[in-house]
Amino acid sequence: MREKLLNLSFKYGALVVVVLVFAFFSFRLPYFFTYSNISDILNSIAIVTFVAIGVTLSLAVDGFDLSVGSTVSLSTVVTATLMIWYQMPLYIVLIVPLAIGAIIGLLNAFLIVKMRIPDLLATLAMMYIVGGIHKTYAQGYTIYNHMQFPDGSKAAGEMDKTFLLLGQGKWLGIPISVILLLIFVVLVHFFLTRTKYGRQIYVTGGNEEAARLSGIKVKKVRTLAYVASGVFAAIGGILFASRVGSGQIDAGAPLLMEAVAAVFVGFSVLGAGKPNIIGTFVGSVLIGVLVNGLTMMNVQYFAHDIVKGAVLVLALSVTFYVLNRSKT
Amino acid sequence: MSLSPKVLEMREITKSFAGVTALNGVDLTLEGGQIHALLGANGAGKSTLMKILSGAYGRDGGSMKLLGQEVRFQGPSDAKLHGVHCVYQEVDAALVPQLTVAENVMLDELAKPGAKTWISPGETARRAEAVLERLKVNVPVKRKVAELSIAEKQMILLARILSQDAKVIIFDEPTAPLSGAEAESFFRILHELKDQGVACVFITHRLQEVMDHADRVTVMRDGRVVYTGPLGDAGGIDGLISHMLGKTFAEEFPKVPAEIGDVLLRVNGLKRGTKVRGVDLEVRRGQIVAVVGLVGAGKSELARLLAGADRPDAGTIELKGRAFRFRQPADAVQAGIVSIPEERRKQGIVIQDSVERNLSLPLLSQLSRLGVMSARRERSLAERVISALGIKTSSPKLEVKYLSGGNQQKVAIGKWLERGAEVLVFDEPTKGVDIGAKSDIFRIIGNLAAQGKGIVYFTSELDEGLGIGDRIAVMVDGRIAGVFERGEITQEQALFYASGGRREQLS
């Protein structure tokens with residue numbers, strides 16, 4: 001009986017919590033349950049969800065990527081400088097940060113797969129390296145249109161109008177970033193559940209030795225997962241630049257924690273017991289709803305971290321308690 | 001020299017694991033100043049008995065008296081406080097590599113309740129030297145343990161045990177990792193310990209060592225003691241072997257007739273580390289080559305080389321006349337060599353995945369189009385394999401962790417059925433499998449051979465190897481000691497060779 005209850009709460013717990021939180025805010029706040037607010041919530045979680053998709057992929061191969069936050073920061077700043085400092089055409093503005101994300105992923109994979117450094121430590125080091133690079137590159141400045149340099153001269157460029165549509169535009173009343181988010185959630189979900197590549201990723205994460213002996217090239221799979229993680233973080237950074245219309249220093253720092261929380265909330269969604277995209281999306285929504293509701297209730301901004309941290313602890317407790325029980 | 005008879009008496013010890021009896025009324029008496037050899041085939045119950053003696057396991061029934069006093073150890077550290085010590089094969093696990101020899105010898109002193117807070121390095125070194133002196137071991141006490149050889153580490157461990165007044169010391173295959181000369185110096189120390197009145201229990205598979213060094217012998221089989229007495233009365237190596245084997249119940253080895261064809265796999269001078277030291281092997285179409293040997297002979301390591309799981313230091317693997325260098329298992333699978341590894345749950349199957357997903361694992365490309373998996377084709381593959389091998393599962397969607405050991409093994413074999421492999425490498429496929437499933441597995445392997453596949457079957461169960469193999473290769477210490485045709489060799493002879501005996505010694 002107790003066993004059943006536990007499994008039920010594991011399976012539906014996260015969804016129930018989302019619904020309860022949603023209901024709570026809807027009763028307390030008249031404006032909460034409106035189309036424009038829900039659209040706001042989705043819009044606000046778009047960036048973190050892209051980062052969380054990357055975290056999902058690295059976790060699915062039983063790895064971990066702490067460097068995603070720094071990758072977001074770097075890619076935001078690079079995107080902004082490409083337009084403002086160098087007036088590059090749009091396609092370069094998009095390709096360069098994506099390539100940088102992929103390179104960071106490759107470096108992570110080299111350290112973890114080739115040098116066999118534990119993933120947490122390797123990506124912790126990369127987090128600092130990438131974080132340092134982005135501040136050095138931007139010389140500590142936020143990058144904005146026609147920004148003034150220390151020598152008095154001004155940057156010639158400004159953010160591309162088309163580019164700003166990515167994060168600020170709407171199509172048929174739906175924010176474009178939300179449309180992009182939904183498309184990617186569906187695509188990556190399909191990729192993980194229906195393709196042989198997804199199967200290889202999960203098997204590698206589930207039992208690397210068995211996968212290897214079955215003829216799966218596990219090193220390649222793990223490398224690609226880290227590359228994907230870097231690329232999705234870079235997408236998050238591009239969206240960030242487009243959303244705020246400038247290149248903020250340390251933009252990605254808070255996103256790491258939120259993305260990880262989202263993924264672990266997602267572990268238990270519908271009893272998956274492993275990283276999965278739908279779960280990650282639900283986790284993101286939960287965090288988005290909480291932040292949105294708390295803001296509207298005028299809870300101090302700094303207190304949000306306490307709530308987010310508590311959500312992560314709760315999700316981790318449920319996940320690891322149930323997973324470790326079922327192992328024995 | 002204090003000859004205190006009956007240091008330890010175990011009476012009617014019983015122990016079972018999850019309903020399976022491991023020990024069934026075992027008596028064992030140890031006397032001080034004696035080397036007592038404990039023998040038995042794998043699974044006879046030696047380790048279980050020794051784990052009870054050293055406090056690692058509790059006993060279900062029976063009594064244990066140490067120096068006439070009834071004892072029940074709460075754990076290994078409790079047993080140590082009573083003077084009962086165990087030296088496992090992995091000596092590294094018991095030492096701290098970055099500390100010096102002296103510090104390691106005196107390690108237990110440091111951990112003792114009421115130990116001094118301030119430690120004088122000079123004092124530690126002096127006392128350690130005194131202990132090493134007693135054993136006549138010559139190792140500088142200031143050296144780091146990490147720099148020592150395995151044999152030296154073993155001596156340090158013994159010195160450490162001796163520093164705390166040991167009454168009983170159990171040696172679990174102490175000579176397995178040692179070279180000939182190193183083993184000699186080990187035995188010198190063993191005799192030192194004996195002369196100091198310690199009761200030494202000595203587990204080994206090398207019968208010659210027993211003949212040379214033991215005073216008393218106890219032979220176990222199927223959880224019982226079948227012989228115990230002075231070495232002189234045991235009837236020599238032949239007598240010991242027949243005690244160890246006894247009358248095994250007639251197990252069925254269904255043999256499917258298969259036509260033996262051309263050479264498929266040829267292995268020349270394969271080497272890796274100290275475990276595989278130059279192996280030559282040949283497997284023909286339709287042939288089952290059983291590689292038999294005791295635990296630790298290097299069988300699993302050889303199997304891993306064949307499967308591409310490890311890279312050889314030297315030697316060649318040829319398949320159908322073409323030489324291959326496997327960089328990873330994927331290369332071996334591509335070439336046509338697939339493996340059913342020993343650690344089924346860790347290496348053979350993905351325990352939390354369904355039967356269907358496990359079976360399709362090596363066939364993902366065949367079951368997908370443009371990368372997208374076809375659920376229909378995956379299901380029909382699973383159904384074909386399940387019925388072909390008689391896997392007992394309620395549904396292809398059932399997770400394999402709910403299957404019995406035998407059925408899990410069939411899944412580990414079944415995933416290769418449609419992969420078009422030429423050579424299948426089985427490593428202890430019947431481990432932890434019940435009798436019924438065992439004969440199923442033999443039949444499956446026989447059928448594969450009849451289809452013209454080459455089979456390499458690694459086992460430490462000699463009767464099994466002799467029952468299923470068309471040829472029997474006996475492996476000892478990383479080498480093939482001899483290759484025999486089916487029926488050319490008896491179990492007794494196989495055990496003789498597997499224990500390190502040479503052909504010319506056998507009359």
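## Close-up views of a predicted two-chain model

**View 1. V276(B) and its surroundings.** With 27 C-beta neighbours inside 10 Å, V276(B) counts as buried, since the threshold for that class is 20 or more other C-beta atoms within the same 10 Å. As in every view described here, the coordinates belong to a predicted model. V276(B) is found in strand β12 of chain B, which covers residues 276–284. Once its neighbours within four places in sequence are left aside, V276(B) is in contact with L270(B) and K271(B), with G298(B), E301(B), L302(B) and L305(B), and also with G478(B). For a sense of scale within the chain, the C-alpha atom of V276(B) is separated by 40 Å from that of D60(B), a residue 216 places away along the chain.

**View 2. Chain B as a whole.** The secondary structure of chain B comes to 18 helices and 22 strands. Its radius of gyration is 25 Å, close to the 23 Å that the globule rule gives for 507 residues, and chain B is therefore as compact as a globular protein of that length. Along the principal axes, the C-alpha trace of chain B spans about 75 × 50 × 45 Å. Of the 507 residues in this chain, 48% count as buried, and among the contacts in chain B between residues at least 6 apart in sequence, 70% join residues at least 24 apart.

**View 3. The two domains of chain B and the contact between them.** The domain assignment of chain B gives domain 1 as residues 8–245 and domain 2 as two segments, 263–353 and 422–505. The centres of these two domains of chain B, taken over C-alpha atoms, are separated by 33 Å. Where the domains meet, nine residues of domain 1 of chain B are in contact with ten residues of domain 2 of chain B. On the domain 1 side of this contact, α8 (207–213) and α9 (236–245) of chain B each supply at least two residues, and α9(B) gives the most, with three residues. By class, that same side of domain 1 of chain B has four nonpolar, four polar and one charged residues.

**View 4. The side of chain B that touches chain A.** Between the chains, 25 residues of chain B are in contact with 17 residues of chain A. The elements of chain B that each supply at least two residues to its side of this interface are α11 (329–335), α12 (344–348) and β18 (372–373). Sorted by class, the side of chain B that touches chain A has 14 nonpolar, eight polar and three charged residues.

**View 5. Chain A as a whole.** Chain A contains 13 helices and two strands. A compact globule with 328 residues would have a radius of gyration near 20 Å, and the value for chain A, 20 Å, agrees with this. Taken along the principal axes, the C-alpha atoms of chain A fill a box of roughly 70 × 55 × 35 Å. Of the 328 residues of chain A, 48% count as buried, while 77% of the contacts between residues at least 6 apart in sequence join residues at least 24 apart.

**View 6. Helices α6 and α10 of chain A.** Helix α6 (residues 161–168) and helix α10 (residues 218–244) of chain A pack at an angle of about 105°, with their axes 7 Å apart. Helices α6(A) and α10(A) are therefore roughly perpendicular to each other, because angles from 65 to 115 degrees fall in that class. In this contact, F163(A), L164(A), L166(A), G167(A) and Q168(A) of α6(A) meet L239(A), S242(A) and R243(A) of α10(A). The residues involved divide into four nonpolar, three polar and one charged.

**View 7. Helices α7 and α8 of chain A.** The axes of helix α7 (residues 176–194) and helix α8 (residues 196–206) of chain A come within 5 Å and cross at roughly 70°, and α7(A) and α8(A) are therefore roughly perpendicular to each other. The contact is made by F191(A), L192(A), T193(A) and R194(A) on the α7(A) side and by Y197(A), G198(A) and I201(A) on the α8(A) side. By class, this contact has four nonpolar, two polar and one charged residues.

**View 8. H304(A) in helix α13.** H304(A) lies in helix α13 of chain A, which covers residues 304–327. With 17 C-beta neighbours inside 10 Å, H304(A) counts as partly exposed. Not counting residues up to four places away in sequence, H304(A) touches V291(A) and L294(A). H304(A) and I287(A), which are 17 residues apart in sequence, are 9.9 Å apart in space, C-alpha to C-alpha.

Notes. Residues are numbered from 1 along each chain as its sequence is written. Chains are lettered from A and ligands numbered from 1 in the order in which they are written. This is a predicted model: local features need pLDDT of at least 70, side-chain atom pairs count only at pLDDT 80 or more; totals for chains, interfaces and linings use all residues. Two residues are in contact if their C-beta atoms, placed from the backbone, lie within 7 Å. Helices (H or I, at least four residues) and strands (E, at least two) are DSSP runs, numbered from the N terminus. Ala, Val, Leu, Ile, Met, Phe, Trp, Tyr, Cys and Pro count as nonpolar, Asp, Glu, Lys and Arg as charged, and the others, Gly among them, as polar. Domain bounds come from an automatic or database domain assignment. The radius of gyration is taken over C-alpha atoms; the globule rule is 2.2 Å times the number of residues to the power 0.38. A residue is buried if 20 or more other C-beta atoms lie within 10 Å of its own, exposed if 12 or fewer, and partly exposed in between; C-beta atoms are placed from the backbone. Axes are lines fitted to C-alpha atoms, for helices over the stretch in contact, and angles run from 0 to 180 degrees between N-to-C directions. Angles under 35 degrees count as roughly parallel, over 145 as roughly antiparallel, 65 to 115 as roughly perpendicular and the rest as oblique.
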